[in-house]
Amino acid sequence: MSILTSEADVARGVEALRAMCPHMAMIAETCGVPALRWREPGFGGLVSTITAQQVSTSAANAIRGKLRAVVDPITPEGLMAMSDEDLRACGYSIGKIKTLRAIASAVIAGDLPIDRLGEMPAAEAQTSLVKVHGIGPWTAEVWLMFSVGVQDVFAPGDLALQEGAKLAMGLDLRPTAKEIAIIAERWSPWRAVAARMLWAYYGHVKKRAGMVAG
């Protein structure tokens, strides 16, 4: 699979998307080239992605900081050595603790070859991930996008992407996950860059609305 490794790769994707889609051209004119937003690879990056689910960025950063104060680097063996009480003290819910333990166990057992997922086709890697308890499509897609750098993956279930598409394309309603997945096909093979652009545009509009309201 094609991998994004630098801001220059993202810039090439933006130029390609500008040429193929007027909505992407508008976003590029408004927001420029989005950041690569590279995250830690491997198991540590997957733990970070799970940590960020359904909590604010500041809360996720605080939880990660507490975890790293106990185990750094974050490894499957290190996490499994922590008690549930230790993980709860870091800020993890019972559900997330169960998920983290399932992932760590799968990696240790060899059922989730996390260091080789980047060598697989994106669809195959995503299938391997979602077989593990607690890893849904969004987690798999975001991890592949930011911890592996997969160029042509999208996260259609992400509400901010849906809202960004609605705003950029002038739609009356926010597209469903199924609808935006179909829309995103036009942005292949640069769907991960398109996602970064939509997130950037959504943030830009929110910030502008906040400034106007203020």
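Is valine 132 buried or exposed? With a relative accessible area of 10%, valine 132 is buried, where buried means under 20% relative accessible area, exposed over 50% and partly exposed in between, for a 1.4 Å probe and protein chains only. The structure is a predicted model, in which local features need pLDDT of at least 70 and side-chain atom pairs count only at pLDDT 80 or more, while totals for chains, interfaces and linings use all residues. Residues are numbered from 1 along each chain as its sequence is written, and side-chain values use heavy atoms, with hydrogens and water left out.

The protein contains 12 helices and 0 strands; helices (H or I, at least four residues) and strands (E, at least two) are DSSP runs, numbered from the N terminus. The radius of gyration is 18 Å, close to the 17 Å that the globule rule gives for 214 residues, so the protein is as compact as a globular protein of that length. This radius is taken over C-alpha atoms, and the globule rule is 2.2 Å times the number of residues to the power 0.38. The C-alpha trace spans about 50 × 45 × 30 Å along its principal axes. Of the 214 residues, 46% count as buried. Among contacts between residues at least 6 apart in sequence, 65% join residues at least 24 apart, contact meaning heavy atoms within 4.5 Å.

Helix 3 (residues 42–52) packs against helix 7 (residues 94–109), their axes coming within 11 Å and crossing at roughly 160°. That angle makes helix 3 roughly antiparallel to helix 7. Axes are lines fitted to C-alpha atoms, for helices over the stretch in contact, and angles run from 0 to 180 degrees between N-to-C directions. Angles under 35 degrees count as roughly parallel, over 145 as roughly antiparallel, 65 to 115 as roughly perpendicular and the rest as oblique. The crossing of helix 3 and helix 7 is right-handed; a crossing is right-handed if the near helix is turned clockwise from the far one by less than a right angle, and left-handed if anticlockwise. From helix 3, the contact involves Phe43, Leu46, Val47, Ile50, Thr51 and Ala52, and from helix 7, Lys96, Thr99, Leu100, Ile103, Ala104 and Val107. By class, these residues comprise 9 nonpolar, 2 polar and 1 charged. Ala, Val, Leu, Ile, Met, Phe, Trp, Tyr, Cys and Pro count as nonpolar, Asp, Glu, Lys and Arg as charged, and the others, Gly among them, as polar.

Helix 3 also meets helix 4 (residues 57–70), with axes that come within 9 Å and cross at roughly 140°. Helix 3 is thereby oblique to helix 4, and their crossing is right-handed. Val47, Ser48, Thr51 and Ala52 of helix 3 face Ala60, Ile63, Arg64 and Leu67 of helix 4 in this contact. The contact has 5 nonpolar, 2 polar and 1 charged residues. Threonine 49 likewise lies in helix 3 and, at 1% relative accessibility, is buried. Beyond its neighbours within four places in sequence, threonine 49 is in contact with Arg39, Trp138, Thr139, Val142 and Trp143.

Valine 132 is located in the loop between helix 8 (122–130) and helix 9 (137–148). Apart from neighbours within four places in sequence, the contacts of valine 132 are Ala102, Ile103, Ala106 and Leu112. Ile103 is also one of the helix 7 residues in contact with helix 3. Alanine 104 is 28 residues from valine 132 in sequence, with a C-alpha to C-alpha separation of 9.9 Å.

Helix 10 (residues 159–169) and helix 11 (residues 177–184) have axes 10 Å apart and pack at an angle of about 60°. This angle makes helix 10 oblique to helix 11, and the crossing is left-handed. Leu161, Gln162, Ala165 and Met169 of helix 10 make the contact with Ala177, Ile180 and Ile183 of helix 11. The classes are 6 nonpolar, 1 polar and no charged residues.

Tyrosine 201 is placed in helix 12 (residues 191–213) and is buried, its relative accessible area being 9%. Outside its neighbours within four places in sequence, tyrosine 201 is in contact with Met26, Ile27, Thr30, Cys31, Gly164, Leu167 and Ala168. Leucine 167 is 34 residues from tyrosine 201 along the chain, and their C-alpha atoms are separated by 8.4 Å.
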